[in-house]
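Subject: the structure you asked about

Hi,

Here is the structure, as promised. Have a look at it first, and then read on for what turned up.

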Amino acid sequence: MSPRTLTFTIFRYDPQDPDDTPRQQEFQLEEAPGMTVFVALKMLRETQDPSLQFDFVCRAGICGSCAMVINGVPTLACRTLTANYPEGRITLMPLPGFELIGDLSVNTGKFMRALSERLAAWLHPKSVDHSHDELEQRMEPHLAEAIYDTDRCVECGCCVAACATAQMRETFVGAVGLNKVARFALDDRDCREVDDFYHVIGDEDGVFGCMTLLGCADTCPKNLNHQMQIGYLRRKLALHPRIL
């Protein structure tokens, strides 16, 4: 059986070129066994158009760099097989909600850095006096597992691109931001109290702005339980006596 020919419709636009305009360009490529969308893009750039822009680093679904909208669904190109599309037609668009660098490349790093700074998404230790000779603070296994689960986020931006609230309101922190807050709210080594988190996410730009459409859960390549984290934060903030 001869390999089939894939047709890629790819968004093209270079915002640095004042003479360029947004458009779609078609490419055709012979499919190879086990081919991913990332491999196909790499072959297109090597053999047909070296100016094609897209991001990648690890090629193993760990860095999150190759996130894009594939046939209307935000996902990772390196984890998406071309065989998943029996008609052989694949449309590629950049993730919405992020600054466009060019073609399929967006600046998720700028967004994630600003979000981390806004949410103070780092450990605020209860004590700053530590000795290298002391043993690490003990932690219950179930708590360590819950924290590890939130840390599996690769900050690919798929949840932001799939979030209706984030697309309507740029100031909404999104599932990735709420996941960051949940990670430190769970950690008993962090000195922050509930009211500290309330001042960061206790409004419509935070946990109470989520419409619970769960596009984040549908598109997360790591299958993180965003619904559980959002529910956890809502209960933690709404039921705390100092908030009420």
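Let's start in the sheet: I70 stands opposite L92, which belongs to strand β5. Before going further, please keep in mind that this is a predicted model, so every value below is computed from predicted coordinates.

**Strand β5 and its partners**

The I70–L92 pairing belongs with strand β3 (residues 67-70), which runs antiparallel to β5 and is joined to it by 2 bridges. Strand β1 (residues 5-12) also pairs with β5, but here the two run parallel, with 4 bridges between them. If you want a spot to click on, find T9, which sits opposite T91 of β5.

Strand β5 itself covers residues 89-93, and its faces are quite distinct: I90 and L92 are on the covered face, while R89, T91 and M93 are on the uncovered one.

**The core**

L92 comes back here. The largest nonpolar core has 57 residues, and the members that touch the most others are F8, I10, L41 and L92. Which helix gives the most to this core? That is α6 (residues 174-186), with 6 residues. As background, nonpolar side chains in soluble globular proteins tend to be buried together.

L41 is a handy place to look around from. Apart from neighbours within four places in sequence, L41 contacts I10, L52, F54, M68, L92 and L104.

**The aromatic corner**

F54, one of those L41 contacts, is also part of an aromatic cluster with F38 and F56. There are 4 aromatic pairs in the structure. One of them is F38 with F56, a tilted pair with centres 4.9 Å apart and 50° between the planes. It brings together distant parts of the chain: F38 is in helix α1 (residues 37-47), F56 is in the loop between α1 and β3, and 18 residues separate them.

Are these two rings buried or exposed? F38 counts as buried because its relative accessible area is 4%. F56, at 32%, is partly exposed.

F54 has another partner too: the charged end of R45 sits over its ring, 4.2 Å from the centre.

**Two buried polar residues**

D187 lies in the loop between α6 and α7 (194-201). With a relative accessible area of 2%, D187 is buried. What does its side chain pair with? There is a polar contact of 2.6 Å to the side chain of R189. Its contacts beyond four places in sequence are L123, M139 and I147.

T150 is the other one to look at, in helix α3 (residues 141-151). Its relative accessible area is 2%, so T150 counts as buried as well. Leaving out residues up to four places away in sequence, T150 touches N179, R183, L186 and Q229.

**Backbone oddities**

Two residues have a positive phi without being glycine. N71 has a phi of about 50° and is placed in the loop between β3 and β4 (73-76). D103 has a phi of about 55°, and its place is the loop between β6 (100-102) and β7 (105-106).

Their surroundings are worth checking side by side. N71 is partly exposed, with a relative accessible area of 33%. D103 has 3% relative accessibility, so D103 counts as buried.

**Out in a loop**

Q16 is in the loop between β1 and β2 (23-30). This residue counts as exposed because its relative accessible area is 64%. How far is Q16 from V106? They are 90 residues apart in sequence, and their C-alpha atoms are 13 Å apart in space.

**The overall picture**

Zooming out, the protein has 9 helices and 7 strands. Its C-alpha trace spans about 65 × 40 × 30 Å along the principal axes. There are 244 residues, of which 43% count as buried. Among contacts with a separation of 6 or more, 64% are between residues 24 or more positions apart.

If you only have a few minutes, go to L41 with its contacts to I10 and L92, then to the cluster of F38, F54 and F56, and finish at the D187–R189 polar contact.

Cheers

Key. Residues numbered from 1 in each chain as written. Predicted model: local features only at pLDDT ≥ 70, side-chain atom pairs only at ≥ 80, totals over all residues. Heavy atoms only, no water. Core = buried A, V, L, I, M, F, W, Y, C linked by side-chain atoms within 4.5 Å. Buried < 20%, exposed > 50% of the residue type's maximum accessible area, 1.4 Å probe, protein only. Contact = heavy atoms within 4.5 Å. Polar contact = N/O pair within 3.5 Å; in protein donor to acceptor, adjacent residues only side chain to side chain. Pairing = 2+ DSSP bridges. Phe/Tyr/Trp six-rings, centres within 6.5 Å; stacked < 30°, edge-to-face > 60°. Lys NZ or Arg CZ within 6 Å of the ring centre and 35° of its normal.
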